[in-house]
Amino acid sequence: MPFTCDYTRLLFTKSLCFNGYFCNNSLFLRLIPINTRKLAIGIQYTASVGMILLVATGCFFFNDFLGHRVVALLLLMSVSILAMLFDILPVLLASVLSAVIWNFFFIPPVFTFHIDHAEDLLMFLLYFFIALVNAVLTFKLRDVENRARDKEEREKTIKLYDTLLNSLSHELRTPIATILGAVDTLKESKEKLSQRNQTELLNEIDKATVRLNRQVENLLNMSRLESGMLRPNLDWCDVNELIHSVVEKCVPTHKPVIEFKSNENLPLFKLDVGLIEQVLQNLIYNAIQYTPEDATITIEAADIGNICRILISDRGKGFPEAEMESVFQKFYRLPNSKAGGSGLGLSIVKGFVEAHHGKVTLRNNTFGGAEFVIEIPTETSFINNLRNE
Amino acid sequence: MSKAEILVIDDEPQIQKLLKIALESNEYKVRQADTGKEGILLAANHPPELILLDIGLPDKSGHEVLKELRSWYNRAIIILSVQSHESDIVRALDNGATDYLTKPFRTAELLARIRSALRRNQTETTSNILESGNLQIDLGMRTVRRNGELVKLTATEYNLLSLFVRNEGRALTHQYILKEVWGVGNQTDTQYLRVFVGTLRKKIEDHPNQPVHIITESGVGYRFM
């Protein structure tokens with residue numbers, strides 16, 4: 001179980017950092033002792049015994065110079081270091097072992113367990129006691145610290161889930177409510193409904209289902225990102241063709257004109273077509289949401305020295321400067337933005353572009369409206385310049 | 001025309017019901033199986049014209065069922081798969097599936113795929129001259145006409161086009177096309193294929209950016225219509 005718990009913590013930290021919630025290094029630094037503590041128990045025992053033996057051997061050679069009392073302090077220090085890193089049992093083993101070694105090899109007469117002076121006997125017992133208490137106390141202290149951290153993280157998770165549930169329940173329930181309502185009306189008042197109203201209700205069900213499907217797709221993509229298992233499946237991609245096909249999918253249901261002129265000099269790029277398609281879909285969908293109906297959305301694609309750059313600019317209101325950093329965060333929605341949208345779209349864009357080791361940036365156009373810039377470093381192929389075989 | 005019989009192998013009762021209604025209202029006879037085993041038995045007892053096979057079955061994977069069926073059944077098999085599992089689709093097509101559909105799918109799309117698959121069942125084309133929209137391809141003369149005018153194609157472009165035409169309506173995987181046109185050695189690199197599809201589109205499509213003949217099946221391959 002400890003492994004699972006630690007894994008979740010790592011994942012969680014990663015997802016938070018991914019969204020820019022808090023990326024200070026302290027969390028990662030604090031993770032280090034936890035991880036060492038979770039080393040296989042066998043390794044912990046070996047390392048504990050090894051360290052004590054190493055220190056004892058070192059001391060043995062300098063015994064004349066150090067004196068056996070200093071050796072006791074050195075051994076005690078090694079036990080303390082082990083107590084900071086390892087579980088309680090290996091540390092207890094190390095303290096007992098060090099006491100025995102100290103007695104046998106260092107306390108005169110050496111090479112016997114017999115102790116001559118009462119002073120040394122007292123010191124041996126004290127050593128034994130301090131080493132054990134040291135181990136137990138350090139362990140408990142760490143345990144308390146861990147528990148406090150777990151609690152803190154649990155609270156943060158709960159807060160995150162609250163945000164998630166609020167935004168999702170709205171995004172998922174609205175289409176479900178539409179579907180249920182329309183179906184009920186169709187079932188119960190079949191005779192009274194005009195043909196036109198029936199068709200309209202059926203169209204509403206259609207739209208709601210498409211919307212539901214898009215949200216589910218977003219959620220699935222988000223969980224793919226969160227799992228950390230996302231590996232782009234790179235293949236040659238004709239970006240012109242890809243943009244055209246995404247644009248075509250978006251157009252029929254929406255008003256603003258989307259302008260894209262193929263860049264004839266564009267080479268093929270090695271990309272994950274599925275992921276980039278999703279990125280473009282989310283960005284275009286976002287642009288459509290915020291652009292007035294009579295305005296245009298322009299898309300450009302270019303090759304800048306093995307970097308695939310795609311620009312998508314709209315003529316909406318643009319983004320307030322202060323909010324630009326936050327828009328890629330999960331579940332973030334601009335204050336006063338209209339209903340609809342789960343706040344997942346742009347964070348998926350960022351996640352997928354970063355999975356390609358690329359970056360996505362946002363700036364406001366001088367003439368109004370926002371411009372998203374995707375830049376992905378990747379392999380290019382210019383064979384379209386080689387005519388024929 | 002007699003009613004074509006379709007066997008649906010899917011474990012979801014809702015999808016089963018939906019498919020049954022959609023297919024029966026379009027004059028097909030429907031038989032249903034909810035496990036792979038039952039599906040194979042039904043297909044063996046009474047071979048249908050077409051099989052709709054779900055990849056995610058409870059008892060065994062649809063891929064195994066497909067392989068078993070393909071050892072003796074040579075009519076159309078259309079695979080139903082969940083969205084965004086392209087590798088599943090490519091694998092099924094390479095294992096001999098006739099076509100695929102991703103859930104959620106629209107009924108019109110389903111019916112179109114079924115019609116096209118059934119058509120291919122019946123006619124292993126013997127004719128040398130094939131027509132598709134404004135295109136006319138003469139396999140004997142190795143000529144291609146668009147709106148009656150001769151289109152100049154290089155040898156590779158022609159080979160690619162004739163492969164597409166001979167498999168009209170069918171999704172061809174990148175690997176399959178590379179093997180058929182360029183031979184066995186080139187199966188890993190799709191860049192030549194993409195470039196040739198690009199130039200071919202410029203020659204045969206009215207709007208190369210909104211192709212109607214050579215359709216890209218994202219992550220899978222191409223389909224000629």
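How many helices and strands does chain A have? In this predicted model, chain A has eleven helices and eight strands. The chain runs to 389 residues, and 24% of them count as buried. Looking at contacts in chain A between residues at least 6 apart in sequence, 71% join residues at least 24 apart.

**Where the chains touch**

Let's turn to the contact between the two chains. Chain A brings 18 residues to this contact and chain B brings 16 residues. On the chain B side, the most comes from helix α8 of chain B (residues 191-204), which gives five residues. Sorted by class, this side of chain B has eleven polar, three nonpolar and two charged residues.

**A sheet in chain B**

Chain B also holds an open sheet of four strands, in the order β6-β7-β8-β9, with antiparallel pairing. As general background, strands of a sheet pair through backbone hydrogen bonds, in either a parallel or an antiparallel way. Here are the strands and their residues:

| Strand (chain B) | Residues |
|---|---|
| β6 | 129-132 |
| β7 | 135-138 |
| β8 | 143-146 |
| β9 | 149-150 |

Strands β6 and β9 of chain B are the edges, each pairing on one side only. Between β6 and β7 of chain B, the antiparallel pairing extends over four bridges. If you would like a spot to look at in the viewer, B:Glu131 stands opposite B:Gln136, a residue of β7 in chain B.

What packs on this sheet? Helix α6 of chain B (residues 155-166) does, touching β6, β7 and β8 of chain B. The direction of helix α6 makes about 105° with that of β7 in chain B.

Note on methods:
Residues numbered from 1 in each chain as written. Chains lettered and ligands numbered in written order. Predicted model: local features only at pLDDT ≥ 70, side-chain atom pairs only at ≥ 80, totals over all residues. Helix = DSSP H or I, 4+ residues; strand = E, 2+ residues; numbered from the N terminus. Buried ≥ 20, exposed ≤ 12 C-beta atoms within 10 Å, placed from the backbone. Contact = placed C-beta atoms within 7 Å. Nonpolar A, V, L, I, M, F, W, Y, C, P; charged D, E, K, R; others polar. Pairing = 2+ DSSP bridges. Axes fitted to C-alpha atoms, helices over the stretch in contact; angles between N-to-C directions.
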